[in-house]
Amino acid sequence: MCVAFCCMVLSVYATGSDMCINHLGNGQSLIRFISIQKYLLLPIEEKANEARVSLLVDNQVVNTMNIRLAVDKVDYYVPYELSGLDVGRVLLDIQGITENAVCWNELKLSTSFDKNNREPFRPSYHFTPEYGWMNDPNGMVYKDGEYHLFYQYNPYGSVWGNMHWGHAVSRDLVSWEHLPVALAPDGLGAIFSGSCVVDENNTAGFGKGAIVAFYTSAGRSQTQSMAYSLDNGRTFQKYAGNPVVTSDIRDFRDPKVSWHEATQKWIMILAAGQEMQLYSSPNLKDWTFESRFGEGQGAHGGVWECPDLLQLPVKGTDKKKWVLICNLNPGGPFGGSATQYFVGEFDGHRFVNESPKVTKWMDYGKDHYATVTWSNAPAGRTIALAWMSNWDYANQVPTFQYRSANSVPRDLYLYEQDGQTYLASVPSGELLALRSKPVKKGSFKVNKSREVKNLLKANEGAYEIELKIGDVHAKKCGFQLYNSKGESVSCVYDLEKKQFLMDRTLSGETAFSDRFPAVTSAPLTMQDEYAIRLLVDKSSIEVFDGEGRFVMTNLVFPDEPYNHLKFDSEGGSFRVLSMNVYKLNK
Ligand code: FRU
């Protein structure tokens with residue numbers, strides 16, 4: 001049988017399994033299987049061009065993925081699922097790769113795919129995909145004790161492409177169970193970012209308590225589609241009437257849907273070029289345009305993406321205000337992507353920004369993007385999650401088996417200062433459960449310089465430092481995390497410039513992109529004492545002001561954990577009132 005079809009019969013990995021590869025000489029090859037196993041392991045070379053891999057069953061194309069099959073060398077493998085397919089009816093049509101590429105000898109059938117975590121930079125308590133590429137958090141929704149996290153996912157390589165919604169669930173926002181892909185590309189396009197709601201009153205008619213997902217179908221045009229799940233997100237049915245919202249605007253995406261109590265309607269906010277558009281609906285299916293927001297407001301250095309619209313209490317008052325979260329790329333304060341927000345009023349039709357002249361940033365690091373909040377979160381909480389990377393270099397960071405992590409979850413509230421209302425972000429309380437017993441290193445005076453060596457005995461790179469600084473007579477209060485390789489991250493309270501700064505130019509591997517080395521800065525409110533929490537993981541540092549008045553999220557790629565801290569003062573002394581170091585264990 002094979003003789004007629006094949007140029008080459010490949011004896012593979014698993015005994016008794018074969019496949020026949022027929023090169024057609026024009027960059028097209030066909031693969032037929034003699035037997036099938038759960039996976040075909042595909043060899044990937046990240047710098048190779050994308051080949052188009054189509055799965056055909058009974059001569060019909062089931063799907064087509066763009067996959068960087070190895071031409072010169074293999075960087076890693078990804079699993080291509082074959083389980084459930086009938087061997088005699090399957091054909092793989094691979095286009096755009098030559099006969100002499102190395103991939104042809106490296107294809108392997110296998111019953112398993114090794115998901116062991118071997119990469120030194122893979123975070124220990126931040127969410128990462130098991131393998132492959134991740135960007136924006138999507139469809140975050142809480143239901144029946146579970147926090148669902150969907151995310152922009154490429155299962156066929158660790159660079160952007162083939163957007164699916166990956167899926168994981170957690171009961172505590174810290175330990176995540178990976179679930180199968182929730183939504184895969186279809187005839188309307190790839191599955192771009194979006195949101196989920198719980199349709200408690202069955203307004204859409206899919207079923208009471210259905211989880212309804214909204215996403216952008218990214219095909220030739222960007223349109224908004226929906227899908228629903230009646231089994232708590234384990235499987236989704238795409239709505240036959242898709243798309244439900246269309247436009248002739250090129251960048252038209254990332255629908256975030258929420259219930260507006262006062263008007264008893266669903267509201268969809270989505271990004272359209274450099275503005276946000278608002279729609280309303282009684283039933284999640286029929287949407288009416290309400291208004292647009294954005295012209296002349298905030299930063300416009302790039303495309304607006306991934307919006308969110310929510311109401312939050314203002315701390316210390318009985319007021320509530322509306323917040324419009326707007327992710328922007330490029331045009332962030334340190335280059336590339338960042339999250340800005342607007343505070344104001346929303347009446348179910350129109351959002352009005354109360355301070356159109358002020359640009360407000362949600363995080364002052366370089367690696368905080370696509371931030372959105374959980375829908376239906378319990379106990380009146382508003383919990384946000386960001387993608388911890390930046391489009392400036394996201395595809396180049398030095399990891400392979402997986403690429404990108406999320407920030408830690410953060411609880412949001414508003415506070416007032418100098419006539420403005422700002423958004424505060426604090427690490428979600430669940431993170432405290434990660435702490436081991438504190439190693440106490442304070443208190444002491446810093447006059448010029450003071451070292452605290454060996455922060456932790458066996459430092460594996462996942463820890464928290466809680467610092468309180470007071471008795472400040474200095475112009476600058478600095479501290480520098482460093483390791484024995486001479487790699488360091490320097491932070492400083494610059495009390496003259498009223499700024500908090502973090503410098504990662506010497507933090508470890510930085511050369512993968514000339515946009516990676518950076519000094520980031522946040523405005524500082526002058527206080528008698530400064531409390532701060534540093535959440536450090538194997539490749540990130542998130543600095544939280546004790547009151548949540550600023551947050552700074554930056555990636556770092558050190559050769560070994562920073563296990564020493566050096567304080568220094570300029571123009572006078574200060575005191576470290578307390579310093580606790582906690583190993584963070586999952
Ligand atoms: C933001 C974004 C979204 C889009 C998605 C595609 O990072 O560009 O606007 O839906 O990523 O993966």
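Arg 250, Asp 251, Arg 253, Asp 254 and Glu 305 are tied together in a network of salt bridges. This comes from a predicted model, and a search of the whole structure turns up 29 salt bridges. The idea behind them is simple: side chains of opposite charge can pair when their charged atoms come close.

The network also leads straight to the ligand. Arg 253, Asp 254 and Glu 305 are among the residues surrounding the ligand. The shell also includes Asn 135, Asp 136, Gln 152, Trp 160, Met 163, Phe 192, Ser 193, Tyr 369 and Trp 391. Sorted by type, the shell residues come out as 5 nonpolar, 3 polar and 4 charged. Three strands each chip in at least two residues of this shell: S10 (132-143), S14 (190-199) and S18 (252-260).

Some of these neighbours make polar contacts with the ligand. A ligand oxygen sits 2.6 Å from an N or O atom in the side chain of Gln 152. For Trp 160, the distance from a ligand oxygen to a side-chain N or O atom is 2.9 Å. Glu 305, already met in the salt-bridge network, has a side-chain N or O atom 2.9 Å from an oxygen of the ligand. Taken on its own, the ligand has 320 Å² of accessible area, and the protein covers 95% of that.

Back to the salt bridges, several of which link distant parts of the chain. Lys 256 pairs with Asp 308, with 3.4 Å between the closest N and O atoms. Lys 256 belongs to strand S18 and Asp 308 to strand S22 (residues 303-313), which puts the partners 52 residues apart. Lys 256 counts as buried because its relative accessibility is 7%, under the 20% cut-off. Asp 308, at 1%, is buried as well.

Another pair joins two loops. Asp 392 and Lys 366 form a salt bridge whose closest N and O atoms are 3.0 Å apart. Asp 392 lies in the loop between strands S28 (383-387) and S29 (402-403), while Lys 366 lies in the loop between strands S26 (360-361) and S27 (369-373), 26 residues away. Both Asp 392 and Lys 366 are buried.

Then there is Arg 435, which forms a salt bridge with Glu 464 at 2.7 Å between the closest N and O atoms. Arg 435 is in the loop between strands S31 (420-427) and S32 (439-440), and Glu 464 is in strand S34 (residues 463-470), with 29 residues separating them. Here the partners fall into separate classes: Arg 435 is partly exposed, with a relative accessible area of 22%, whereas Glu 464 is buried at 1%.

Technical notes
Residues numbered from 1 in each chain as written. Predicted model: local features only at pLDDT ≥ 70, side-chain atom pairs only at ≥ 80, totals over all residues. Heavy atoms only, no water. Near = heavy atom within 4 Å. Polar contact = N/O pair within 3.5 Å; in protein donor to acceptor, adjacent residues only side chain to side chain. Areas by Shrake-Rupley, 256 points an atom, 1.4 Å probe, with all protein chains shown as cover. Helix = DSSP H or I, 4+ residues; strand = E, 2+ residues; numbered from the N terminus. Nonpolar A, V, L, I, M, F, W, Y, C, P; charged D, E, K, R; others polar. Salt bridge = Lys/Arg side-chain N within 4 Å of Asp/Glu carboxyl O. Buried < 20%, exposed > 50% of the residue type's maximum accessible area, 1.4 Å probe, protein only.
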